[in-house]
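Here is a short report on one protein model. Keep the sequence and the 3D view open as you read.

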Amino acid sequence: MFMHIDSFQVLADPTRRHVVDALSRGERQVNDLVAEIGIHQSGVSRHLRILNEAGFVSVRADGQRRLYALKPDRFREIDDWLAKYRSLWEARLDRFGAALEARRQKPEQTKEKE
C-alpha cells in the first residue's frame with residue numbers, strides 16, 4: 001500500500017474540503033454545491049474536476065444534470081496509510097490517560113492517609 005502525497009495536497013485546499021464535506025451528505029449537483037459553499041459555479045466546477053481527477057469524486061449523468069458523489073476508495077487508502085501511525089497516537093493517549101488517572105487518585109490517597 002503506497003499513498004501518494006498528491007492525495008494530501010488535493011485535500012489541503014479548504015474549499016475542496018468544504019466540497020467533500022457537502023458531498024458526504026450525499027450526491028449533489030453543482031448548483032447545490034454553489035449555494036452551500038458560496039463561491040461561483042466556475043470555482044466549484046474547478047474543485048470538482050480536481051477531486052474527480054484525484055479519484056475522490058465520481059460524476060454521473062442524469063439527463064441534463066451531472067451528479068457528483070464521493071468515491072470511498074481514496075478515503076480508504078488515506079485511512080490505511082494513517083492506520084500505521086494511529087498506534088503511536090493511541091500509545092501516547094494511553095500514557096496520558098494513565099498519568100491523569102494517577103494524578104486524580106493521588107489526592108484521594110493523601111486523604112486516606114490522614
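Start with Arg28. Its relative accessible area is 16%, so Arg28 is buried. The model is a predicted one. Arg28 forms a salt bridge with Glu36, and the closest N and O atoms are 2.8 Å apart. Glu36 has a relative accessibility of 32%, so Glu36 counts as partly exposed. A third residue joins in: Arg25, Arg28 and Glu36 are linked in a network of salt bridges.

**The overall plan**

Now step back to the whole chain. The protein chain has five helices and three strands. From the N terminus on, their order is α-α-β-α-α-β-β-α. The chain has 114 residues, and 25% of them are buried. Look next at contacts with a separation of 6 or more. Of these, 47% join residues 24 or more positions apart. The chain exposes about 8300 Å², and carbon and sulfur atoms supply 51% of that area.

**Salt bridges**

The structure holds nine salt bridges. The table lists some of them.

| Pair | Closest N to O distance |
|---|---|
| Arg60 and Glu27 | 2.8 Å |
| Arg28 and Glu36 | 2.8 Å |
| Arg76 and Asp73 | 2.9 Å |

Take the pair Arg60 and Glu27, which forms a salt bridge. Arg60 lies in strand β2 (residues 57-62), while Glu27 lies in the loop between α2 and β1 (28-29), so the pair ties together parts that are 33 residues apart in sequence. Arg60 is partly exposed, with a relative accessible area of 40%. Glu27 is partly exposed too, at 37%.

The pair Arg76 and Asp73 sits within one element. Both residues lie in helix α5, three residues apart, which is about one turn of the helix. Arg76 has a relative accessibility of 48% and counts as partly exposed. Asp73 is also partly exposed, with a relative accessible area of 48%.

**Two helices that cross**

How do α2 and α4 lie relative to each other: roughly parallel or roughly perpendicular? Helix α2 covers residues 14-23 and helix α4 covers residues 41-53. They pack at an angle of about 80°, with their axes 10 Å apart. Angles of 65 to 115 degrees count as roughly perpendicular, and α2 and α4 are therefore roughly perpendicular to each other. On the α2 side, the contact is made by Thr15, Arg16, Val19, Val20 and Leu23. On the α4 side, His47, Leu48, Ile50 and Leu51 take part.

Look closer at His47, which has its place in helix α4. Is His47 buried or exposed? Its relative accessibility is 3%, so His47 counts as buried. Leave aside its neighbours within four places in sequence. His47 is then in contact with Asp13, Thr15, Arg16, Val19 and Ile39.

**Along helix α5**

Helix α5 spans residues 72-113. Arg74 has its place there. Its relative accessibility is 18%, so Arg74 counts as buried. Which residues does Arg74 contact, leaving aside its neighbours within four places in sequence? They are Ser7, Ala54, Gly55 and Phe56.

Trp89 also has its place in helix α5. At 44% relative accessibility, Trp89 counts as partly exposed. Together with Tyr85, Leu88 and Leu93, Trp89 makes a nonpolar surface patch of about 420 Å².

Conventions:
Residues are numbered from 1 along each chain as its sequence is written. This is a predicted model: local features need pLDDT of at least 70, side-chain atom pairs count only at pLDDT 80 or more; totals for chains, interfaces and linings use all residues. Side-chain values use heavy atoms; hydrogens and water are left out. Helices (H or I, at least four residues) and strands (E, at least two) are DSSP runs, numbered from the N terminus. Buried means under 20% relative accessible area, exposed over 50%, partly exposed in between (1.4 Å probe, protein chains only). Contact means heavy atoms within 4.5 Å. Accessible areas come from the Shrake-Rupley method with a 1.4 Å probe; for residues, only the protein chains shown count as cover. Patches are made of residues with over 30% relative accessible area and no salt bridge: like charges are joined within 9 Å, nonpolar side chains (Val, Leu, Ile, Met, Phe, Trp, Tyr) within 5 Å. A salt bridge is a side-chain nitrogen of Lys or Arg within 4 Å of a carboxyl oxygen of Asp or Glu. Axes are lines fitted to C-alpha atoms, for helices over the stretch in contact, and angles run from 0 to 180 degrees between N-to-C directions. Angles under 35 degrees count as roughly parallel, over 145 as roughly antiparallel, 65 to 115 as roughly perpendicular and the rest as oblique.
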